[in-house]
Amino acid sequence: MVGELTVWHGINRNEIDWFPVIDPDKCTGCGMCVVTCGEKRNVFGYDRKLKKAVVLNPDNCMVGCNNCQVSCLWNAISYPENTDYLRDLVRKLPDEVLERELKNKLETTPGLKF
Ligand code: SF4
Ligand code: SF4
């Protein structure tokens, strides 16, 4: 996994159940998910012999993202958990974590602050 992706707001990424799961019976092999996921993350690979996408690096998935699910027009992608799980995760974050990150972001990107 890329170093900067190993921790999500102070939680080890490998402790969070958020990553795409492909139903191979529904996957048509179109490749849309492979090209949709950002190059920094590269969650998917592609099996040319079987003509199917495969999940290679699940923990590189951005927590809360579902872009590939939306882009899969064959409904072949799902996640182990739902958005209630994500809401609980965010609720449990210590207040100071997001406050500190927000402060840093606004200080380093002045155009966002008004
Ligand atoms: S977008 Fe869906 S159908 Fe296309 S390769 Fe990915 S999982 Fe398979
Ligand atoms: S949910 Fe987002 S980050 Fe995760 S695999 Fe899909 S496109 Fe990539």
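**Exercise 1.** Why does Asn-14 count as exposed?

*Solution.* The model is predicted: local features need pLDDT of at least 70, side-chain atom pairs count only at pLDDT 80 or more, and totals for chains, interfaces and linings use all residues. Residues are numbered from 1 along each chain as its sequence is written, while chains are lettered from A and ligands numbered from 1 in the order in which they are written.

Step 1. A residue is buried if 20 or more other C-beta atoms, placed from the backbone, lie within 10 Å of its own, exposed if 12 or fewer, and partly exposed in between.
Step 2. Asn-14 is exposed because 11 other C-beta atoms lie within 10 Å.
Step 3. Asn-14 belongs to the loop between strand 2 (11-12) and strand 3 (21-22); strands (E, at least two residues) and helices (H or I, at least four) are DSSP runs numbered from the N terminus.

**Exercise 2.** Determine how strand 4 and strand 5 are arranged.

*Solution.*
Step 1. In the protein chain, which has four helices and six strands, the elements run β-β-β-α-β-β-α-β-α-α from the N terminus on.
Step 2. Strand 4 (residues 44-47) and strand 5 (residues 52-55) run antiparallel and are joined by four bridges; strands pair if DSSP finds at least two bridges between them.
Step 3. Opposite Phe-44 stands Val-55 of strand 5.
Step 4. The two strands form a hairpin with four residues between them, and Lys-51 in the turn has a positive phi of about 55°.

**Exercise 3.** Identify the largest nonpolar core and the contacts of Ala-53.

*Solution.*
Step 1. A nonpolar core is a set of buried Ala, Val, Leu, Ile, Met, Phe, Trp, Tyr and Cys residues joined through C-beta atoms within 7 Å.
Step 2. The largest has 12 residues, among them Trp-18, Phe-44, Ala-53 and Ile-77.
Step 3. Two residues are in contact if their C-beta atoms, placed from the backbone, lie within 7 Å. Neighbours within four places in sequence aside, the contacts of Ala-53 include Cys-27, Cys-33 and Phe-44.
Step 4. Buried residues account for 12% of the 114 residues in the protein chain.

**Exercise 4.** Describe the surroundings of ligand 1 and ligand 2.

*Solution.*
Step 1. A residue is near a molecule if its C-beta atom, placed from the backbone, lies within 6 Å of it.
Step 2. Of the 14 residues around ligand 1, Cys-27, Cys-30, Cys-33, Ala-53 and Cys-72 come nearest.
Step 3. The residues around ligand 2 include Cys-37, Arg-41, Cys-61, Cys-65 and Cys-68.
Step 4. Ala, Val, Leu, Ile, Met, Phe, Trp, Tyr, Cys and Pro count as nonpolar, Asp, Glu, Lys and Arg as charged, and the others, Gly among them, as polar. By class, the ligand 1 shell holds 10 nonpolar, four polar and no charged residues, and the ligand 2 shell seven nonpolar, three polar and one charged.
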